[in-house]
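The following exercises are to be worked with the sequence and the coordinates at hand. Each task is followed by a solution in steps.

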Amino acid sequence: MSYEDTKLYFFHELTHAIQTRKVDNHEECSFYNGKTGMFLTEGATQFTAEILYNLSNGTNIQYRQQPGVVRGHPEYAPYSPLSEYQLNGNILMLLSSSLGVPINQLLALGYRKDGREQLKQMYEVFPGNKGKFEEFMFDLEKIYSIDKLLIAGKGDLLQGSPQNIIMQDGQQFAGNLQIQGELIEKVERELAANFISNNEPEYIVSNYNRILNFLTTPKLHQNFMNAVNEIASMQNPINEIYSTQVR
Ligand SMILES: [Zn+2]
């Protein structure tokens with residue numbers, strides 16, 4: 001490992017260490033409550049680490065298109081400043097735009113004991129998200145668990161029919177690469193839909209890039225732009241036709 005890589009890794013581990021706490025008989029860390037939340041925790045930790053790393057080097061964080069970094073899904077392309085956990089970073093950016101909470105504020109929640117609870121409230125305040133936070137976190141954790149298996153070299157097993165996957169806390173679900181891909185799309189689609197249904201048309205038309213940039217597949221791009229274009233065309237009708245009564 002180069003000195004620079006070591007430094008970035010150190011900031012990542014340091015952030016974990018600061019954000020870890022013992023609750024009753026289990027460990028919690030940032031958004032992780034002992035069951036779900038590691039997907040967002042790794043994204044937020046890496047984001048924080050890269051901000052610290054850039055600060056210490058006097059450089060700026062650089063967003064870049066990164067095709068081929070989502071394990072098992074070479075066609076997915078995150079747009080991310082991160083050098084690891086790029087997809088997790090994208091979901092955090094979508095969450096930020098979808099909820100209207102600045103990314104720095106989301107990252108800061110990772111340091112708070114009640115950070116996960118606060119995030120839940122911010123998420124469920126939207127009518128379409130009511131009561132859905134735990135399902136959202138569970139979907140993300142399935143994506144995370146399958147990624148863990150890919151890192152461990154179990155990719156071959158995940159190519160075929162769904163496998164029974166047992167998570168760290170003992171919860172089980174049926175998963176394979178195809179299901180993981182569908183979950184990634186589901187999560188991104190729902191965050192984009194929340195942005196569309198909870199903002200004014202003018203705001204959507206001038207800020208759609210806040211969502212578009214962080215959608216990771218061409219299909220999601222296309223569907224989102226169709227919705228934006230529809231809103232834009234309702235905003236500015238091409239022709240206004242006035243008809244007079246024929247007598
Ligand atoms: Zn980590």
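**Exercise 1.** Determine whether valine 228 is buried or exposed, and describe its surroundings.

*Solution.* The model is a predicted one. Step 1: locate the residue; valine 228 belongs to helix H10. Step 2: count the C-beta atoms inside 10 Å of its own, which gives 21 neighbours. Step 3: apply the cut-off, under which 20 or more such atoms make a residue buried; valine 228 is therefore buried. Step 4: list its contacts, leaving aside neighbours within four places in sequence; these are Ile204, Val205 and Tyr208. Step 5: compare with a residue elsewhere in the chain; the C-alpha atom of valine 228 is separated by 20 Å from that of asparagine 90, the two being 138 residues apart along the chain.

**Exercise 2.** Find the angle at which the axes of H2 and H6 cross, and classify the pair.

*Solution.* Two packed helices are described by the angle between their axes and the distance between the axes. Step 1: take helix H2 as residues 38-57 and helix H6 as residues 133-151; their axes come within 7 Å and cross at roughly 75 degrees. Step 2: angles of 65 to 115 degrees count as roughly perpendicular, so H2 and H6 are roughly perpendicular to each other. Step 3: identify the residues in contact, which are Met38, Phe39 and Leu40 on H2, and Leu140, Glu141, Ile143 and Tyr144 on H6. Step 4: sort the residues of this contact by type; 6 are nonpolar, none is polar and 1 is charged.

**Exercise 3.** Compare the span of H2 with the expected value, and examine the residue that follows the helix.

*Solution.* Step 1: H2 has 20 residues. Step 2: from its first C-alpha to its last, H2 reaches 28 Å, close to the 28 Å expected at 1.5 Å a residue. Step 3: glycine 58 follows H2 and has a positive phi, near 70 degrees.

**Exercise 4.** Aspartate 24 and serine 30 both have a positive phi; decide for each whether it is buried or exposed.

*Solution.* Most residues other than glycine have a negative phi. Step 1: phi is near 50 degrees for aspartate 24 and about 55 degrees for serine 30. Step 2: aspartate 24 lies in the loop between strand E1 (20-23) and strand E2 (26-29), whereas serine 30 lies in the loop between E2 and H2. Step 3: aspartate 24 has 6 C-beta neighbours inside 10 Å and so counts as exposed; serine 30 has 27 and so counts as buried.

**Exercise 5.** Which residues touch the most other members of the largest nonpolar core, and which elements contribute to this core?

*Solution.* Step 1: the core contains 45 residues, and those touching the most other members are Ala44, Ile91, Leu92, Leu94, Leu95, Leu140 and Ile211. Step 2: the elements giving two or more residues to this core are H2, H3 (86-99), H4 (103-109), H5 (115-124), H6, H7 (177-197) and H10 (218-235). Step 3: take alanine 44 as an example; beyond its neighbours within four places in sequence, alanine 44 is in contact with Ser30, Phe31, Leu92, Leu106, Leu107 and Gly110.

Key. Residues numbered from 1 in each chain as written. Predicted model: local features only at pLDDT ≥ 70, side-chain atom pairs only at ≥ 80, totals over all residues. Axes fitted to C-alpha atoms, helices over the stretch in contact; angles between N-to-C directions. Helix = DSSP H or I, 4+ residues; strand = E, 2+ residues; numbered from the N terminus. Parallel < 35°, antiparallel > 145°, perpendicular 65-115°, else oblique. Contact = placed C-beta atoms within 7 Å. Nonpolar A, V, L, I, M, F, W, Y, C, P; charged D, E, K, R; others polar. Core = buried A, V, L, I, M, F, W, Y, C linked by C-beta atoms within 7 Å. Buried ≥ 20, exposed ≤ 12 C-beta atoms within 10 Å, placed from the backbone. Expected span 1.5 Å × (residues − 1).
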